[in-house]
Each structure stands twice: as structure tokens, then as C-alpha cells.
Amino acid sequence: MPVLSKTGLHIKATMDADLLGEGFGKVNRNRYNKHTNPKGIINLGTSENKLMSDVLFKKFSEPELNVWTEEMLVYCDFASIYELRESVAEFLKAKSNAATPLDPNKMVVMNGGGSVIETIAFAICNAGDAFLVPSPFYGGLMHDLDLRAKVNVHPVHLHSKMKENETKPFQLTVEKLEKSLEEAKAKGINIRGLFLINPHNPLGEIYSTELIKDCLQFCHKHSLHIIFDEIYLTSVFKEGVQPTSILQFKPEDIPDPERTHLIWGFSKDFAMSGMRVGIYYGFSDVVRQQIVNQCCFTGIPGFIQVMLSKMLKDKDWLDNVYYATNRKRLRESYELVTRELTSIGVPYLEASSSLYLYADFRKFLKEPTFAVEKDLWHKFLDAGTYISPSQAFYSDDPGWFRIVFADKIAKLELAMERIKKVCKEISLQ
Ligand SMILES: Cc1ncc(COP(=O)(O)O)c(C=O)c1O
């Protein structure tokens, strides 16, 4: 009789085989530190923004953000205190250029975007159901959906090689969604929805309004849910870029509001993945209530709720300090990494709102296979830089790596030095 349950064994098997878990484990055992471990591994593999701690610490130390009240010690509204939802609603309206004000009553706050994904899955899917997800896609999605809710991904495979009528690599089209849905049906897979990450992880792409309209119509036609994961919505570092958001659509232009859902969070755009704060926003009372019903497992501390709510109310700080600094630093870091990649002839997909870029190392693979890609990944790791290979994003197009550039310049310089050294050695062989 095994010690673990079937669910426990399923979680164990999944995590034991997890590639990013392997890389992250190596980083944790041998983390780079300029003074104490200068030969340690630099982590450009985890999607985090490490550029803003000084600005955040200064804000967090303000006396108004450090007031304790009795309400913080007792159970609060499981959807979160109203004040926080009100602040997020106002913030997202301004930052997304929303067509109409957001209703705080349609919002639920949870401990991270991952929990939002899992609770949506529990609310609208049965075990064994699946979402259509354009691939490559954020690998953690597999765990968020599958580990406990046992919901699967049916990848809509996109490729770097463009077809005749395509204008960019990895282009998503409704024809590909239709084909993928047909394939899933033929295999007896029950597709419950389409999961769109916009701005995209790992491609860094921002979907056009036209494509989003087409996806909304596609989902409506097939009675599918559509989930917009917009967790990188405000990590914009290029002048004049305004990512598209489902919030820019007027209510009458959303064909099936009951099946339309939005995810946002503080992890990426506010450089605080460790705080664990994610947002659900949706128009269906039934789904939202079912999500709230699960929130006894996903609440966040009252103190943090009040603090973040106050932080979001300081519009002057948001625009002139936080975003001004974040934009500048992200841009500098992006420019450094792209310069270094160009110096060794590695193409990359241009990005404008994200913490990473997707780079094409295919010319350093002896054969275009995932085994060879994994070897190259290990070479980068052995040289002291952790980046993420395409197979971690369930791609079927080996040789691409995601590099998280939202890190300090000196560390990036060293990390890129190490990557370049590996590439040069391969070129000499
Ligand atoms: C697209 C996307 N959604 C959700 C998450 C999970 O966010 P959180 O750390 O807030 O759980 C991530 C984290 O990398 C992500 O990239």
C-alpha cells in the first residue's frame, strides 16, 4: 500500500519530471552572489522582475502603509476587502484604457495568478477536460490546471517557420484554432475553453484587436469559455505601446460575457511575485460565486490587502516613480540582452511589454531535437546561467530559449558573457 494517495502520486510524478523544477533546484542549491558565490548560477529562467526592490522598499516603509487595524486579524471578505478591489478596479481602468469602469463586485483577489487559474479550472471544468492553448505557452499553466484539478492542455502548435500567408513567426489564427478543436474532438477530448496569454509568455507578443475579436467569435460559436491572462499587461517598456486588453471592449462587443474571464496580478507588473497576489475579473455571477466559494484556500493577509490598496491610490507615485523607473530599467535591460544576442548572431522576437524575450539558438544545435536542446540547456547551466528551453513551454519547435532580462545590469552582463562563451565554444567545434 503506497504512503501517498493517487493524487499525491500524480503530483509527485509530475513534479519529478519537471524540467524547470530541475533548473530552479540547481539555482537554489548554487545561487549566484557577487560576494559570497561569484561562480554560482544566475537565474534568467524564472519570470520575475528583479529591478524594482529599492523603489518598492521605499514605498513600503511609508508610515501610512504601516498601520495595523483589528480587521486585519480577523477573517475578511473572502473575495478580498472591498477597498482593495476598488483600488485595483480604478487602477486597471486607467492602465488598460478600459472602455467602461470595472465593477469591484465582479473581482476576486487570490494568492497569485496560479491560484486564479486553478480555481477557474475547478469552477468550469471536470477532471479530464482541456483548454486549447496556443503553444509555446507559460509552462506553469500545465501545473496550475493539472496538478489538482486534473484539467489538461490541448496545445495549438505554432511554429517559427512562417507559412505563405503569414506575417510573423508563431502566428495564431482562427483556422489553427478550428483545426485543433477538430483534432481534440476526434480524440474524444472535451474542450472547455481557450486560454490566451496576452502579452504572451514566452513570445512577448501582443495580440491585435482583430485577432482578439476573432477569438471571441470562435469561442462564442463553439460555446467555449475564453480566458485572458493579462498578467504582463502593464510591463510596457517601449514608448507609445498600449497592449490590447479584453477590458478595452465595450460590454455589448463581448459576445458571451458569461464565458469571458480575465486574470491579472501583482507578481509581474508590480515586481512582487513573492507577495502572491492575483486578480480574477469576470462577468458571470455563477462562475464568480463558485470562484469565491473556493477562496477559503486562497486568501491573502489583511495587512497586505490594505497596504497594496493604499499603494495603488498614490497615482503620483505610480506614474512618476514606479512606472517611470520600471519602464526605463526594463528598457535598459532589454537593450543590453538584445545587443549581446546580436553580437553572436542570435535572432530574437522583439518584445515591448514583458520581462523576457524568446531567442533563436537553433544554429547551435547539431540536430533540431529536444534532446540536443536539453544538452545545450545543461551547457548554459554548467557555465552558470539558467535560461528556459522551448520544451519547458510545450513547444514542438526546438532550439528557442526564453531569457528573462528584468535583472540588474551587472548580473545580466555576466550572465550573457557566460552564454556567449558556450556559443563560441560550440561554434569552434
Ligand atoms: C502567463 C502567466 N500566468 C500566470 C502566472 C502565475 O503568476 P503568479 O506567480 O502570480 O502565480 C505566470 C507566472 O509566471 C505567468 O507567466
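A polar contact here is a pair of N or O atoms within 3.5 Å; within protein, one must be able to donate a hydrogen and the other to accept it, and residues adjacent in sequence count only if both atoms are side-chain atoms. This is a predicted model, where local features need pLDDT of at least 70, side-chain atom pairs count only at pLDDT 80 or more, and totals for chains, interfaces and linings use all residues. Residues are numbered from 1 along each chain as its sequence is written, and side-chain values use heavy atoms, with hydrogens and water left out.

**Exercise 1. The ligand**

Find which residues surround the ligand, and pick out polar atoms that lie by its oxygen atoms.

Solution. Step one: list the surroundings, counting a residue if one of its heavy atoms lies within 4 Å of the ligand. That gives Gly112, Gly113, Gly114, Tyr138, Ile197, Asn201, Asp229, Ile231, Tyr232, Ser267, Lys268 and Arg276.

Step two: go for the polar atoms. Gly113 puts a backbone N or O atom 2.7 Å from a ligand oxygen, and a polar backbone atom of Gly114 is 2.8 Å from an oxygen atom of the ligand. Tyr232 uses its side chain instead, with a polar atom 2.7 Å from a ligand oxygen.

Step three: check the cover. On its own the ligand exposes 400 Å², and the protein buries 92% of that (areas by the Shrake-Rupley method with a 1.4 Å probe; for residues, only the protein chains shown count as cover).

Step four: place the ligand. It sits in the largest pocket. A pocket is an open set of points on a 1 Å grid over the protein atoms alone, where a 1.4 Å probe fits, with protein on both sides within 12 Å along at least five of seven lines; "sits in" asks for more than half of the molecule's atoms within 2 Å of the grid points.

**Exercise 2. Asn49**

Is Asn49 buried or exposed, and what does its side chain reach?

Solution. Start with the address: Asn49 is in the loop between E1 and helix H3 (53-60). Helices (H or I, at least four residues) and strands (E, at least two) are DSSP runs, numbered from the N terminus.

Next, the accessibility. Asn49 counts as buried because its relative accessibility is 7% (buried is under 20% relative accessible area, exposed over 50%, partly exposed in between, with a 1.4 Å probe and protein chains only).

Now the side chain: it reaches the backbone nitrogen of Leu51 at 2.9 Å, and it also makes a polar contact with the side chain of Asn326, again at 2.9 Å.

Finally, leave out neighbours within four places in sequence. Asn49 is then in contact (heavy atoms within 4.5 Å) with Lys268, Ala271, Asn326, Leu330, Leu355 and Ala406. Lys268 is also one of the residues around the ligand.

**Exercise 3. Backbone oddities**

Which peptide bonds ending at Pro136 and Pro199 are cis, and what is phi at Ala271 and Tyr394?

Solution. First, the background: most residues other than glycine have a negative phi, and most peptide bonds are trans.

Then omega. The Ser135 to Pro136 bond is cis, with omega near 10 degrees, and Pro136 lies in the loop between strand E3 (130-135) and helix H6 (140-146). Asn198 and Pro199 are likewise joined by a cis bond, omega about -5 degrees; Pro199 is in the loop between strand E5 (191-197) and helix H8 (209-221).

Then phi. Ala271 has a positive phi near 50 degrees, in the loop between strand E7 (260-265) and strand E8 (278-282). Its accessibility is 14%, so Ala271 is buried. Tyr394 has a positive phi of about 55 degrees and is found in the loop between E11 and strand E12 (400-404). Tyr394 counts as partly exposed because its relative accessibility is 29%.

**Exercise 4. Helix H2**

Which residues of helix H2 are buried, and what do they pack against?

Solution. Start at the beginning of H2, where a side-chain oxygen of Asp18 comes within 2.9 Å of the backbone nitrogen of Gly21. Go on to the buried residues of H2 (residues 19-29): Leu19, Gly23, Gly25 and Val27. Their packing partners are strand E1 (42-43), H12, strand E10 (385-386) and strand E11 (388-389).

**Exercise 5. Lys366**

How far apart are Lys366 and Gly113 in space?

Solution. Locate Lys366 in the loop between strand E9 (356-360) and helix H12 (370-382). With 67% relative accessibility, Lys366 is therefore exposed. From C-alpha to C-alpha, Lys366 and Gly113 are 38 Å apart in space and 253 residues apart in sequence. Beyond four places in sequence, Lys366 is in contact with Val372 and Gln429.

Conventions: 1 Å grid on protein atoms, 1.4 Å probe; cavity = no way out; pocket = protein on both sides within 12 Å on 5 of 7 lines; lining within 4 Å.
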